[in-house]
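Hi,

Here is the structure I promised to pass on. My notes on it follow below.

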Amino acid sequence: MTTAYSSPMRVAEPTVAGHLHDYWGRVRGGDIGSLPAILGLIVLCLIFGIARPTFFSAVNFANLFSQGAAVIFIAMGLVFVLLLGEIDLSAGFASGVCGAVMAILLTDQGWHWYSAIPVALATGLAIGFTLGFLVSKLGIPSFIVTLAGFLAFQGILLVLLSGGKNISVRDPFVLSLANNNMPAGLSWTLTAVAIIGYAAVQLVRFRGRAVRGLVTEPMGIVLARIAGLAALLVAAVAVLTQERSINPLIISVKGVPIVAPLIAVALIVWTFVLGRTTFGRHVYAVGGNKEAARRAGIAVDRIRISVFVIGSFMAAIGGIIAASRANSVDPNSGGSNVLLYAVGAAVIGGTSLFGGKGRVLDAVIGGAVIAVIDNGMGLMGFSAGQKFIFTGLILLLAASVDALSRRRAAATGNR
Amino acid sequence: MTTAYSSPMRVAEPTVAGHLHDYWGRVRGGDIGSLPAILGLIVLCLIFGIARPTFFSAVNFANLFSQGAAVIFIAMGLVFVLLLGEIDLSAGFASGVCGAVMAILLTDQGWHWYSAIPVALATGLAIGFTLGFLVSKLGIPSFIVTLAGFLAFQGILLVLLSGGKNISVRDPFVLSLANNNMPAGLSWTLTAVAIIGYAAVQLVRFRGRAVRGLVTEPMGIVLARIAGLAALLVAAVAVLTQERSINPLIISVKGVPIVAPLIAVALIVWTFVLGRTTFGRHVYAVGGNKEAARRAGIAVDRIRISVFVIGSFMAAIGGIIAASRANSVDPNSGGSNVLLYAVGAAVIGGTSLFGGKGRVLDAVIGGAVIAVIDNGMGLMGFSAGQKFIFTGLILLLAASVDALSRRRAAATGNR
Amino acid sequence: MAATPLLEVRGIDKSFGPVQVLHDVGMNVYPGEVTALVGDNGAGKSTLVKCVSGIYTMDAGTVTFDGEQVAIHSPRDAAALGIEVVYQDLALCDNLDIVQNMFLGRERVRGIVLDEPTMEQMASDTLASLSVRTVKSLRQLVASLSGGQRQTVAIAKAVLWNSRIVILDEPTAALGVAQTAQVLELVRRMADNGLGVVLISHNMNDVFAVSDRIVALYLGRTAAQVKTTDVTHSQIVELITSGRSGNLGLPPERPAAAGFIDITPPGAHA
Amino acid sequence: MAATPLLEVRGIDKSFGPVQVLHDVGMNVYPGEVTALVGDNGAGKSTLVKCVSGIYTMDAGTVTFDGEQVAIHSPRDAAALGIEVVYQDLALCDNLDIVQNMFLGRERVRGIVLDEPTMEQMASDTLASLSVRTVKSLRQLVASLSGGQRQTVAIAKAVLWNSRIVILDEPTAALGVAQTAQVLELVRRMADNGLGVVLISHNMNDVFAVSDRIVALYLGRTAAQVKTTDVTHSQIVELITSGRSGNLGLPPERPAAAGFIDITPPGAHA
Amino acid sequence: DDGGSGTTGDGSVGKVGIILPDTASSQRWGSDDPKFLKAAFDAAGVPADIQNAQGDKSSFQTIADGMISSGVRVLMIVNLDSGTGKAVLDKAKKAGIATIDYDRLTLSGGADYYVSFDNVAVGKLQGEGLVKCLTDMRYAKPVVAELNGAPTDNNSTLFKQGYDSVLQPKFDSGEYVKGPDQSVPDWDNAQAGTMFEQMLTQSRDIKGVLAANDGLGNAVISVLKKNKLNGKVPVTGQDATVQGLQNILAGDQCMTVYKAIKQVADAAADLAISLAKGEKKTVSQSIKDPESGKDVPAVLISPKAIFKENVKDVVADGFVTKAQLCTGDFAKLCTENGV
Ligand SMILES: Nc1ncnc2c1ncn2[C@@H]1O[C@H](COP(=O)(O)OP(=O)(O)OP(=O)(O)O)[C@@H](O)[C@H]1O
Ligand SMILES: Nc1ncnc2c1ncn2[C@@H]1O[C@H](COP(=O)(O)OP(=O)(O)OP(=O)(O)O)[C@@H](O)[C@H]1O
Ligand SMILES: [Mg+2]
Ligand SMILES: [Mg+2]
C-alpha cells in the first residue's frame with residue numbers, strides 16, 4: 001500500500017559549511033560522541049608528559065599498547081553486556097581461567113598453540129553461555145549470577161593451578177602476541193591497507209546513498225575524515241617504526257606492537273557487528289527497551305545469552321594476551337583491579353550502565369585512558385598509598401573534563 | 001473544587017479470608033516481596049545444618065550476627081544509593097578509612113571513644129558529601145566517581161596507616177560493640193519493648209485508617225503479624241540467652257549480641273525514613289523516574305547528594321563495627337570482598353540496581369544470606385579453591401530459589 | 001460480509017494477581033472489515049489486545065485464526081500468523097532512530113549487512129503517506145519526537161508489513177486533524193484490501209465513520225457485538241458507560257462487578 | 001475579558017542542537033479564560049509548554065507573570081509561581097502508587113510523618129470527581145494502570161492544588177467519553193473560578209466548546225492569537241495546516257520553514 | 001603457661017583447626033602448606049581442618065568462629081594482621097583451646113607456640129643474593145630497583161626490612177645507586193609487569209632487580225626478555241617455585257629463597273599433634289614479642305638461598321620433583337646443573 005505514493009522527499013544539497021554548522025549545533029547541544037573522552041585523554045597525556053618527559057618517548061608509546069591490551073579486550077566484550085543493561089563481574093576471573101587453561105595445555109600438557117588457544121577460547125564461550133543461560137532462562141539478576149561466577153572462577157583458577165602454583169608460558173607464538181613487534185615493512189603495509197579500506201567503505205557508502213537520492217554528508221567532510229585517519233595512523237606508525245631499544249647494540253626493537261593490529265581487528269569486527277548487522281541492531285533494541293524489542297518479535301533471550309558469550313569470549317582473548325604479557329599465569333590472573341578497570345574503561349569511553357548506549361570504540365578510548373593513567377603513574381615513582389590516591393584523582397580529572405564538556409547537554413534538556 | 005463532591009467510595013468489608021485470597025493472588029502473580037529470599041535462606045540453612053550439625057548450635061547462631069554485621073550496615077546504606085540507580089564502589093574502602101580514623105584517634109592519639117566515634121562518622125558524612133557532590137553537580141557517572149573513590153580511599157588508608165602498619169583497637173567500649181553480648185535481662189526487656197512498639201504502631205495505623213473509613217487490612221491479619229514477629233523474636237532471644245560458651249568454666253557467654261539491637265535500630269530508623277517521610281518518598285520518586293520527580297518540583301540534586309551521604313555514613317558504621325570485631329584496622333580493611341558482598345546483599349534481598357525498587361530490610365535479609373553462606377562454608381572445611389567454587393554455587397542456588405519462585409511474575413506479564 | 005471470521009477469540013479470562021481484568025471475553029474479526037473495539041477507560045481493551053498478540057498469557061480462552069485453533073505465546077507467534085499491532089503504550093526504542101524503529105525485528109539485509117538505504121527509502125515513503133511533515137530527519141532518535149510524531153512512527157511500523165490482521169489501539173489519540181484523517185483513510189483502505197482491522201477508539205465519530213462492526217467491553221466483559229449499521233451513537237455510549245442499552249448488553253441483574261470499587265460521583269453515569 | 005494577561009510569553013526561541021523548534025513565539029494567558037493552544041503534530045506546542053514550566057531553558061524570550069518579568073529555571077520555580085502543568089508525556093513514577101504520585105513533591109505531613117490517610121482521602125475525592133470507575137485500589141502502582149487511568153491520575157495531580165495557571169497538554173487524548181466530558185467541564189469550571197487555563201488539543205470540537213481564545217502554532221511560529229468567537233472551525237484548521245487563513249496567520253511568502261524536510265504527499269494539505 | 005589445654009588424661013585425640021592467610025602472597029599457602037600439614041596429621045591420625053581465609057580478615061574470623069564452635073582442641077593460625085589474630089587467639093583461649101602462631105607472630109597474641117621462618121632473614125638472603133650476582137656481573141655503580149610485595153601485607157614489610165638492611169648501606173656508600181622502589185598491590189604479577197616496564201622506561205640503566213618473590217621476579221623477567229636484557233640484569237625471588245627454579249636454570253633469575261616448608265609444617269604439626277593429644281611439648285628456642293615483651297616458645301627454621309648451583313638441593317629435598325622441573329628444554333639445563 002505504500003507504493004501508492006511517490007517519494008516526495010526534498011533532499012537538501014549537502015554543503016561543508018552547513019554540515020560544520022550542524023556539527024557545531026550538535027556539539028553545543030551536547031551530542032558530542034567521544035570528543036570529551038578524547039579531550040580527557042589529551043589532558044592526561046599533557047600532564048604526564050610535562051611531569052615526566054619520558055612519557056612522550058617512542059618506547060613508552062609502544063608500551064601503552066601491550067599494557068592496555070588485556071583490559072581493552074575484556075572491556076570490548078563488556079560493552080556488549082553493558083549495552084543490555086547487564087553486568088559481568090566474572091569477566092576478570094573468566095579471563096584468568098581461560099589464560100590458565102591455555103597455559104596448562106601449553107606447558108603441562110605440551111600442546112601446540114594452535115590447539116591450546118582454540119580450547120581456551122572455547123572455554124570462554126562455554127563460560128559465557130552458562131552465565132547467559134542462568135541470567136536469561138532462570139531470570140536471576142546478572143549481578144548475582146556473575147558475582148557467583150566471580151567467586152567460582154576464582155576457585156576454579158586456584159584448583160587449576162593446584163592451589164596456587166604459577167605456570168610459565170614459554171610458547172614463542174603465544175609470547176610474541178603481547179611482547180613482539182611487527183617488522184617495519186609489514187607495519188606500513190597494514191597501515192596502507194587500513195587507510196585504503198576505510199576510504200573504500202566511506203566512499204562506497206557515500207555513493208550508495210547519493211545514488212538513491214538520500215541525504216548524504218558533504219563529500220568534503222568524508223574526505224576530511226579519511227585524511228584525518230590517514231594522518232593519525234601514519235604519524236603513529238612513523239613513531240613506532242623508530243628504533244626504541246634500550247640497548248640498540250644488543251637488540252633492535254622497532255615496529256608496531258602485534259597487539260595493535262589485534263585490537264584494531266577486534267574493534268573493526270565488533271563495530272561492524274554492532275552497527276551493520278541485524279544482531280547488533282537487536283542488541284541496541286533490547287538494551288534500549290526490552291519490552292519494545294520483545295513486541296517487535298526479537299528473541300530477547302537469545303540476544304541476552306549471546307552478549308554474555310561475546311563478553312566471556314573477549315575475556316578469554318584478554319586472558320590469553322595477559323598470559324602472554326606476563327609469560328605466566330597465577331591464581332591472581334584476572335583478579336585485583338582487572339574487572340573494575342575493564343568496566344571503568346567502557347564507562348569512561350561513554351557506554352551507559354543502563355543499557356542501550358555504547359560503542360566498541362568506547363572500550364578502546366576508555367582503555368587508553370586507563371592505560372595512560374597506569375603508565376604515567378608508573379613513571380612518577382610514588383609510594384603505594386600516594387599512587388592509589390593520585391590514580392583516583394587523575395581518573396576523576398579525566399572524567400570531569402568529559403562531564404564538563406557535556407554540561408550543555410543537560411542545559412538544553414537533551415539528556 | 002474537589003470538595004464539591006462527597007466521597008462515594010464504597011469500602012469493602014475487610015475479611016481475613018478475602019485478604020488471604022488476595023495475598024495468594026499476589027503470590028501467584030509474582031508480587032511476593034521478600035518471601036523468596038527468605039525461602040532461599042531457609043534452604044541454605046537446611047543444607048548447612050544437615051552437612052554440619054554444629055551449624056544449628058546456639059554459639060553458631062550468635063556468631064552469625066557479628067559475622068554479618070559490617071556487611072549489613074554497609075548494605076543498608078547502599079540500598080539508598082541503589083534506590084537512585086546509582087552505585088557506590090567506594091563504600092568498602094570508605095568504611096576502612098572511617099575505621100582507621102577511629103583507630104588512630106583511639107590508639108595513637110589516645111582519644112576517648114565518645115569523641116573518636118563521632119569523628120569517624122563525620123568522616124563518613126564528608127566522604128559521602130564529596131561523592132554526591134561530584135555525581136550530582138558535576139554530572140560524572142557515579143560508577144566513575146566511586147571507582148576513583150575506591151582507588152583513592154585505598155591509598156588514603158595506606159597513607160593513614162603509614163604504609164602498611166596495623167593499628168590495634170583496645171578501647172573496651174569499641175571492642176564490646178561487635179564482640180560482647182547484652183545481659184539476659186536487658187535482652188528480654190528490649191525484646192518486650194520491640195514487640196510492644198511494633199504492636200502499637202500496627203494498631204495505631206489500623207485505627208487511623210478505619211476511623212476515616214479507608215480500606216484496611218483485616219484485624220486478624222494485623223494480629224497474626226504481631227504474633228508472628230513476637231514468636232520469632234522470643235524464639236531467637238531464648239536461644240541466644242542460653243549458655244553457649246565452649247568452656248563454661250572459663251567464661252560464660254550468653255545473651256543477645258550487642259550488634260543485634262544495633263542492626264535492629266538502624267533497620268527501624270531507615271525503614272521509617274524511607275517509608276514514612278517525605279525524604280524517603282522522594283528517594284523512591286527520583287529512583288523511579290528522575291524526570292517526573294524533577295517536574296514534581298523535587299530537588300533532585302539534593303536527594304542524590306543525600307543518598308551518598310547516607311551510604312558513606314552507614315559505611316562508616318560498618319567500618320567501626322568491622323574494626324571492633326577485628327580488634328584492629330589494617331590497610332586491607334574494607335577491601336577484598338566487602339564491597340561486592342554488600343552490594344550483593346542488597347541485590348539478593350531484592351533491591352534493583354536500576355533504581356526505584358528496594359527496602360532497607362533487603363539489606364538485612366541479603367546480608368543474612370551472605371553471612372550464612374560464609375559461616376556455613378567455614379564449617380565445611382573445604383580447600384581454598386573448593387571454597388570459592390562452592391560459595392559461588394551456593395550463592396547461585398539461593399538466588400535460583402528466589403528467581404524460580406518469581407517465575408510466575410514473568411508468566412503473568414507482571415514484571 | 002464474510003461468513004467465517006479471520007480471528008475468533010472465545011472465553012478469555014485474564015487476571016493480574018488478585019485482580020481479574022477480563023471475564024469470558026469474546027470477539028470476532030472478519031476479513032475486509034473494520035471492527036471497532038470500544039469501552040470505558042480501564043474496561044480491558046488494551047489487555048484483550050495484548051492477550052491476543054502474545055504479550056500476556058491468558059488464564060483461559062481460545063484463539064482461532066483462519067478456522068484453526070492457535071496458541072500464541074509470544075509476539076513472535078502473533079507476527080508469524082500475520083497479526084500486527086499498534087500498542088497504546090507505543091513501545092518504541094528511544095535509543096534508536098525512526099528508520100531503525102520502523103524496521104525493528106524485520107531488518108532488510110544484503111548478505112549479512114543491513115541495507116540501510118533501502119530501509120530509509122521505504123520508511124520515508126510510508127511516513128509520507130501518513131502526513132508527517134515536521135520530522136527533521138529520518139535519522140532522528142524517536143526520543144526526540146513529539147507525541148504525535150511518535151504515534152505516527154508506531155503506526156507506520158505496523159502498516160509497513162503485509163499482515164492479515166492489523167490491530168490499532170487508539171492510534172489517533174495524539175494525532176492532528178490532517179494526520180487523523182490520513183490514518184482513518186488508511187484503516188478503511190486496509191480493510192478494503194481484505195485485511196481484518198481492529199480499531200480501538202474513544203472517538204465515536206471516528207468509530208461510526210470507519211467501522212463495520214462494534215464490540216463493546218464493559219468492566220472486562222463483552223457487552224455487545226453488533227453491526228455498526230444496526231446501532232446508534234447513543235446506544236453505543238450507553239453500552240460503554242453502563243454495559244447495557246435496551247435489549248443490548250449485559251443482563252441487568254449483575255452487580256457493579258465484583259472487586260471494583262466504584263468511586264464515581266453519583267449521577268456521572270448519565 | 002481581563003485587560004492584563006496573567007502570563008505573557010514573548011519572543012521565545014528554542015533549539016535542540018542544530019534544530020530550531022520555536023521561532024519568536026508569543027502567547028498571552030488571561031485569568032478567567034481558557035486559552036486553547038493548537039497546532040499540527042510537531043508544531044512545538046509541548047516544547048513551548050516545557051519552556052514556560054522550566055523543564056527546558058529557552059534560548060531567547062521573556063516570560064511575564066502578573067505584570068512582572070520572571071525567570072523560570074526549573075519546575076520548582078514554575079510551581080512557586082502557581083503554574084501547574086499536565087504534560088503530554090505524563091511523567092508519573094511507575095514505582096509509586098496512585099496516591100503517592102498525586103501528592104509527589106507536596107506530600108502532606110503530620111510532624112515529619114507522612115499523613116497517608118489524609119492524602120488517600122483527598123486523592124479519592126479528586127479521582128471521583130473525574131469519573132474514574134475502574135480503579136481497583138488507590139494503592140495500585142501506576143505502572144499497572146490503563147492509558148486513560150494514567151492520564152486521569154496526571155490530571156488529578158495537577159488540579160489538586162490551588163494554582164493560578166493550569167496548563168493541560170492534550171489531557172483528554174486517552175480518555176473515554178464520560179471522562180472527557182468531566183475534564184472539559186473541569187477546565188471550564190477552573191477558568192470560571194478565575195484561573196488562567198491553557199488547553200492543548202487536536203480536537204476542534206472540544207476547543208470551540210470550551211475555549212475563549214485560540215493560539216495557533218505553525219512550524220514553531222505563532223500563526224495567530226484570536227478570540228474563539230472571532231473565528232470559524234475551518235479557519236483554525238487552515239491555520240494549523242498551512243499557517244495562514246485569509247488575512248490571519250503568517251505572511252504568505254515564507255518558505256516551508258528552513259530546515260524541515262517536507263515529506264507530505266502532494267495534496268494532503270487540503 | 002596458662003592451662004585450659006591441660007592434659008585430658010583420657011587419651012582422646014582432639015581436632016586441630018588451621019587457618020592459612022591467603023593464596024595471593026605466596027603459592028605456599030594454596031598448595032604446599034596444606035599438603036605437608038595434611039600429610040603430617042594424617043600420619044599421626046589426628047583430624048585436622050585446614051582452611052584458607054583468602055586474604056579477608058572477616059572471613060578469617062568467621063572461619064575461626066566456626067572452628068571454635070565445632071570444638072577443635074588446637075588452633076593454629078597464620079594471621080592476616082595482628083589485630084584480627086589477637087581477637088581470634090583471645091576467643092580461642094577463652095574457649096580453652098591451645099594456640100599456635102604459624103609463620104607470623106601475632107603481637108600481644110600470647111600464643112602457646114610460634115613456628116616460623118624468620119622473614120627478615122628471608123629478605124636478608126635476597127639482598128645478599130642480589131649483591132652476589134651483581135658482583136659476579138662486575139657492574140660498576142649498578143642501579144638497583146626494588147619491587148616489594150603487597151603494601152597491605154605485613155610480611156612484605158619484613159622482607160623489605162631484611163633486604164634493605166643489606167642494600168641500604170651500599171646505596172649510602174655510593175657503591176650501588178638506588179633505583180625505583182615500589183610495592184605491588186595484591187602481589188599481582190600483571191601489575192608488577194607494568195610497574196617494572198615503567199621503571200625501565202624511566203630509568204633505562206637498571207642493572208639489578210630485587211623482586212620480593214618468584215612471581216614478581218617472573219613478571220620482571222618477562223619485561224626484560226622483551227628487551228633482551230634477561231640474564232644481564234639479575235633478578236631475585238622467593239619460594240623456590242618451579243617457575244623460579246626454571247628461570248634460575250635458564251640464567252634469567254639470579255636466586256630464590258627456599259623455605260623448607262615441609263620442615264616448618266612438620267614442626268608445627270608435631271606440636272599441634274601433641275597438644276591435640278593433651279600433651280605439652282617443650283621447645284628450646286623462644287622469641288620476644290616486641291609489643292608485650294613476653295617470650296613466646298618458638299621453633300624457627302632457617303631459609304636457604306638457592307642459586308643455579310644448588311637448585312638440585314630443592315629437588316633433593318622433595319619440594320619440587322624432577323618431573324615438574326625438568327620439562328622440555330629444561331631437561332638439558334637440569335643435567336648441566338646436576339639436578
Ligand atoms: N499489569 C497490570 N496489573 C494489574 N492491573 C492491571 C495491569 N494492567 C492493566 N490492569 C488493570 O486492568 C484494567 C484494564 O486495563 P486496560 O489497559 O486493558 O484498559 P483499557 O480498556 O485499555 O483502558 P483505556 O481506554 O484507558 O486504555 C484496568 O483497571 C487496569 O488498572
Ligand atoms: N529533545 C528534542 N530534540 C530534538 N528535537 C526535538 C526534541 N523535542 C522535540 N523536538 C522536535 O521539536 C518539534 C516540536 O515538538 P513538540 O513536542 O513541541 O510538538 P507538539 O506540537 O507538542 O506536537 P504533538 O501534537 O505531536 O504533541 C518536533 O519536530 C520534535 O521532533
Ligand atoms: Mg487501553
Ligand atoms: Mg505535544
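Confidence first: this is a predicted model, and chain E averages a pLDDT of 86 (the predictor's confidence in each residue, from 0 to 100), with 97% of its residues at 70 or more. Scores for the model are ipTM 0.86 and pTM 0.88. Over residues 1–9 of chain E, pLDDT stays under 50, and the model has 11 contacts there beyond four places in sequence (contact means heavy atoms within 4.5 Å). Where pLDDT is low, don't read the predicted coordinates in detail.

As for the fold, chain E has 12 helices and 12 strands (DSSP runs numbered from the N terminus: H or I of at least four residues for helices, E of at least two for strands). Confidence is highest in strand E8 (residues 206–211) of chain E, at a mean of 93, and lowest in strand E10 (residues 285–288) of chain E, at 83.

Chain E has a radius of gyration of 21 Å, which agrees with the value near 20 Å for a compact globule of 339 residues (C-alpha atoms; the rule is 2.2 Å times the number of residues to the power 0.38). Its C-alpha atoms fill a box of roughly 65 × 40 × 35 Å along the principal axes.

Of contacts in chain E between residues at least 6 apart in sequence, 72% join residues at least 24 apart.

On conventions: residues are numbered from 1 along each chain as written, with chains lettered from A and ligands numbered from 1 in written order. Local features need pLDDT of at least 70 and side-chain atom pairs 80 or more, while totals for chains, interfaces and linings use all residues; side-chain values use heavy atoms, leaving out hydrogens and water.

Cheers
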